[in-house]
Amino acid sequence: MFASAQRNGDYVLFDKGNAPSAGLPSPSDILAALKETGAVICRGYCNTLEEFIAFSERLTQDVPYVGGANAGRAAVDGSDAVYSVTEPSMKKPMPLHGEMHHTHVVPELLWFYCINPATSDGETTFGDGRKILSRLSPDTRRLFEERDVIYRRNYAPDVWRYVYRTDNISDVEDFCRAHHIDLKVQPDGGISTTYRASAIFRSPDGDTFINNILTFAAMEYVRGSAESQVRWANEEEIDRAVLLEVNKVAEQVATAHPWQAGDAMLLDNTRVMHGRRVFNDDQRNIVVRLGMCRDRFPGVGHHNPFLGRNGQPAQISLRT
Ligand SMILES: [Fe+2]
């Protein structure tokens, strides 16, 4: 293991300040650390966005946001897969979730790079889904083991055109068919999309509670938006007490990372969920990069990059 790596149980930190003469941690150093905790922070190795892109490139086969997973984000410098996370709507707190776990293609790797931290607050949170699963009550755990959930988006006519970047409903139909999404076109021209998934990822290294339940529930029940809903697969509402328990356990497990400029964070997006604390300034500038792991590495991710979340073929190159 790399000489300067430090562990605190929740993540491994590679800090150049502790080993100024050491070179960059190698991809295998980083992947070995990722296997330990699912979360790695690299400090002092990326002074610019270009350096971060080169640093993360060694490990990452890009997966762009598709199908509305990215409606509010701007791609950075014309990049295909490096996105800003500083849109005005993104100052709000975000509960723990897996990136794109409400879709068919789940990236294994999720990078964040801090160009500028917020003057205060704005930490990125992360929490190990294996720990969360182990801390849920037996009844709640059994519910999620036995029942899938569905993620629904209800988009008005102008919204789906924006989200899917097309005026042509047949493009949306093609996309949904390829991504195992059930599409309904409403009489007013709006659409409803429904994607079914388990809240639990199964892996030889341990089952993991990782999903988008809390973000969808927060949009509906906290922000009062009818645009996003999460339900049991038979359309029943998930009991509020269950949602509150999940939220409480997620909060207990979450680590908040106070950013420093130049920090790069890598999460195993098949194991560790992430979120964000509220902030209130325009200076916070953090980018995100998603991808599959370039090299198969036992214990990190458990996806074939050409398979979707439910083991069915997916077209990761299809963009909207
Ligand atoms: Fe996210």
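The points below concern a predicted model and take up a sheet, a nonpolar core, a cysteine and a helix in turn.

1. The open sheet consists of 4 strands in the order β6-β17-β8-β15, and their pairing is antiparallel. Strands β6 (94-97) and β15 (255-257) occupy the edges, where each has a single partner strand, so one side of each is left without a neighbour in the sheet. From one strand to the next the twist averages 20°.

2. Within that sheet, strand β8 (residues 124-128) runs antiparallel to β15 and is joined to β15 by 3 bridges. A reader wishing to follow this pairing in the model may begin at Phe126, whose bridge partner in β15 is Thr255.

3. The largest nonpolar core comprises 78 residues, and those with the most contacts inside this core are Val40, Trp111, Tyr113, Ile213, Ala250, Ala264 and Leu266. Strand β7 (residues 109-116) supplies the largest share of the core, namely 7 residues. Because residues are given to the core both by domain 1 (5-131 + 254-293) and by domain 2 (134-247), the core lies between the two domains.

4. Ala250, one of the residues with the most contacts inside the core, touches Pro95, Leu96, Gly127, Ile132 and Leu214 when residues up to four places away in sequence are not counted.

5. Cys114, which lies in strand β7, has 24 other C-beta atoms within 10 Å and is therefore buried, the cut-off for that class being 20 or more. Once neighbours within four places in sequence are left aside, the contacts of Cys114 are with Trp259, Gln260, Ala261, Gly262, Asp263 and Ile286. Of these, Ala261 deserves a separate mention, since Cys114 and Ala261 are 147 residues apart in sequence but 5.2 Å apart in space, C-alpha to C-alpha.

6. In helix α6 (residues 169-178) the buried residues are Val172, Phe175 and Cys176, and they lie on the same side of α6 because they cover an arc of only 95° around the axis. An α-helix has 3.6 residues a turn, so residues three or four places apart point the same way. Ser170 and Arg177, by contrast, are exposed on the other side of α6.

7. The cover over the buried residues of α6 includes helix α5 (157-163) together with strands β10 (182-185) and β11 (191-197). Just after α6, the backbone at His180 adopts a positive phi of about 60°, a detail to inspect alongside the helix itself.

Notes. Residues numbered from 1 in each chain as written. Predicted model: local features only at pLDDT ≥ 70, side-chain atom pairs only at ≥ 80, totals over all residues. Pairing = 2+ DSSP bridges. Helix = DSSP H or I, 4+ residues; strand = E, 2+ residues; numbered from the N terminus. Axes fitted to C-alpha atoms, helices over the stretch in contact; angles between N-to-C directions. Core = buried A, V, L, I, M, F, W, Y, C linked by C-beta atoms within 7 Å. Buried ≥ 20, exposed ≤ 12 C-beta atoms within 10 Å, placed from the backbone. Domains from an automatic or database assignment. Contact = placed C-beta atoms within 7 Å. Arc of directions from axis to C-beta.
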